[in-house]
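Visitor: I'm new to this structure. Please choose one part, take a close look at it, and then show me what else is around.

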Amino acid sequence: MPRPRPPHLHRQRTRHGETVWYVRRGHGPRTRIRAPYDTPEFWAEYRAAIEGAPAPAKGKKPHSLEWGIDLYRRGSAWAALSQATRRQSENIFRKVIATAGAEPLAKITPAVILAGRERRAASPHAANNFLKTMRRFFAWAAGDGGLVAVDPTKGVSLLKGRNDDDGFHTWTEDEVSRFEARWPLGTREHLALYLLLYTGFRRGDVVRLGRQHVRDGIITFRTEKTGTVVTIPVLPPLARAIEATDTGDLTFLVTERRQPFVKESFGNWFRKACREAGCPGSAHGLRKAGATRAAENGATERELMALFGWSSAKMAQHYTKAADARRLALGSAHKLLGGQSENEIRPHLQSGEGMKPKKGKKSDS
C-alpha cells in the first residue's frame with residue numbers, strides 16, 4: 001500500500017509535464033518545495049513550511065553547509081535558543097559560511113570539525129564556542145532536520161583552557177574594597193559593582209534590570225541564559241547604591257548618553273573601571289565572589305541554585321565543596337602540631353607571630 005501523504009502536502013503537474021510539490025493549509029498561500037521528493041532535504045523544507053518558517057533563501061547551493069545552516073535558522077530549534085546564544089552563533093556561522101559555506105553537508109566529517117577547532121586552538125574559549133555552535137547545528141541536522149545521517153561533531157572534545165580549573169578570577173574582599181575606594185557611592189561604577197555582587201546576576205541580566213522588576217523590596221527577574229525566574233530581596237547596600245545613583249527609566253545602569261547598556265559594551269566598560277581601580281577582576285568574577293561569600297556563610301546547594309538561577313546542582317556543589325574544604329582545613333590545621341591544642345595556637349594565628357620578618361633581616365623575597 002502506498003504511504004499516506006503528510007498533512008497539507010500537495011502535488012501538481014505543470015503544463016510542461018513537471019511534477020512539483022508544495023505545502024498549503026486550506027486556501028492559504030502555497031509554499032513550494034524545491035528539493036527532490038523524499039530526500040532529507042525535501043522533508044526539511046516540508047517541516048519548515050509546516051512550522052510557518054519561510055523557505056530557504058534563493059541563491060544557496062542545495063545540500064551545502066550554508067543551505068543547511070539557513071534551514072536551521074528558520075526552524076523552531078533556533079527560535080528556542082536565547083538571544084545571546086543566537087547572537088554568538090550568528091557570528092560563528094558568518095565566518096564558517098565565508099570559508100566553507102559551499103561545502104556539501106555530506107563532506108563535513110569529524111576530521112573537518114576537528115580541523116576547525118584546531119584552527120582556533122590559540123584561543124580555547126573561541127574554539128569551544130565554535131564547537132558548541134556546530135554541535136547544536138548538527139544535532140538538529142542529524143535529528144529533526146534529517147539532513148545528515150551521522151553527527152560529525154560527536155567524539156570531538158572541547159579544549160581545556162589555561163584557567164578552566166578556576167575559570168574567571170574570583171574577586172577577593174580586598175579587591176572589592178579597592179574598587180569601592182576608587183568608585184565611591186553615587187557613581188555608576190559603584191552601582192554596577194553592587195548590582196553584580198548583591199544579585200549574583202550575569203552581565204546580560206544586570207544591564208536589563210530596572211525598577212519595574214522590583215516590588216516591595218523584592219526583585220523578580222527571568223534570567224537571559226536559562227530562562228529561570230529568580231526572586232531575591234534588594235539587600236540594604238544595593239538599595240543605598242540605587243538611591244544614590246542617577247539611574248535610567250527602564251534600567252538601573254545607563255551609558256553616559258542615558259541609554260541602556262548592551263551586554264558586550266557593558267563588559268568592556270566595567271573592565272576599564274576595574275583597571276582604573278587596580279583590580280584584575282571582571283563582571284563574571286563578581287558573580288563568583290557572591291557565590292563564594294554565600295557558600296562560606298553556610299548557604300546550601302539548594303539555596304545557591306535559587307540565588308544564582310542554576311538549573312542543576314553541579315555549579316552549587318563546586319562552591320559548597322570549596323567552602324566545606326576551607327572550613328575543615330581551618331578547623332583541623334592545629335592537628336598538624338601534635339600535642340598543642342587549638343587554643344594554644346590561636347593567639348599566634350591572630351597576631352601573625354612567626355610570619356613577620358624580624359627587624360634587621362631581609363626576607364627571602
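**A small sheet, strand by strand**

Guide: Let's start with β2 and β3, which run antiparallel and are joined by three bridges. Before going on, a word on how to read this: the model is predicted, so local features need pLDDT of at least 70 and side-chain atom pairs count only at pLDDT 80 or more, while totals for chains, interfaces and linings use all residues. Residues are numbered from 1 along each chain as its sequence is written, and side-chain values use heavy atoms, with hydrogens and water left out. The names of helices (H or I, at least four residues) and strands (E, at least two) come from DSSP runs, numbered from the N terminus. Two strands are said to pair if DSSP finds at least two bridges between them.

Back to our strands. In the pairing of β2 with β3, Val23 stands opposite Thr31 in β3. On the other side of the story is β1, which is joined to β2 (residues 19-23) by five bridges, again running antiparallel. Two of the matches can be named here: Arg13 stands opposite Thr19 in β2, and Trp21 in β2 is the bridge partner of Arg11. Between β1 and β2 the hairpin has five residues, and there Gly17 takes a positive phi near 85°.

Put together, this is an open sheet of three strands in the order β1-β2-β3, with antiparallel pairing. The edges are β1 (9-13) and β3 (31-33); each has a single partner strand, so one side of each is left without a neighbour in the sheet. From one strand to the next, the twist averages 35°. Helix α1 (residues 40-50) packs on this sheet and touches β1, β2 and β3, with a direction that makes about 170° with that of β3. Touching, or contact, means heavy atoms within 4.5 Å. Angles like that one run from 0 to 180 degrees between N-to-C directions, using axes that are lines fitted to C-alpha atoms, for helices over the stretch in contact.

How covered is the middle strand? Mostly: four of the five residues of β2 are buried, where buried means under 20% relative accessible area, exposed over 50%, and partly exposed in between (1.4 Å probe, protein chains only). As background, side chains in a regular strand alternate between the two faces of the sheet.

Now let's step out from that sheet. The protein has 15 helices and six strands, and 38% of its 365 residues count as buried. Among contacts between residues at least 6 apart in sequence, 55% join residues at least 24 apart.

There is another open sheet of three strands, ordered β4-β5-β6 and paired antiparallel. Here β4 (214-215) and β6 (229-233) take the edges with a single partner strand each, so one side of each is left without a neighbour in the sheet. β4 pairs with β5 (residues 218-222) over two bridges, and Val214 has Ile219 in β5 as its bridge partner.

Helices are worth a look too. The axes of α7 (residues 173-182) and α8 (residues 188-199) come within 9 Å and cross at roughly 150°. That makes α7 roughly antiparallel to α8 (under 35 degrees counts as roughly parallel, over 145 as roughly antiparallel, 65 to 115 as roughly perpendicular and the rest as oblique). On the α7 side, Val176, Phe179 and Glu180 make the contact, and on the α8 side Glu189, His190, Leu193, Tyr194 and Leu197 do.

α8 also packs against α11 (residues 263-276), at an angle of about 110° with the axes 11 Å apart. These two helices are therefore roughly perpendicular to each other. Arg188, Glu189, Ala192, Leu193 and Leu196 in α8 meet Phe266, Trp269, Phe270 and Ala273 in α11.

Two single residues to finish. Ser64 sits in the loop between α1 and α2 (65-72) and counts as buried at 1% relative accessibility. Leaving aside residues up to four places away in sequence, Ser64 touches Gly101, Ala102, Glu103, Pro104 and Leu105. Asn129 belongs to helix α6 (residues 124-142) and is buried too, with a relative accessible area of 13%. With that sequence limit of four places again applied, Asn129 touches Gln88 and Ile92.
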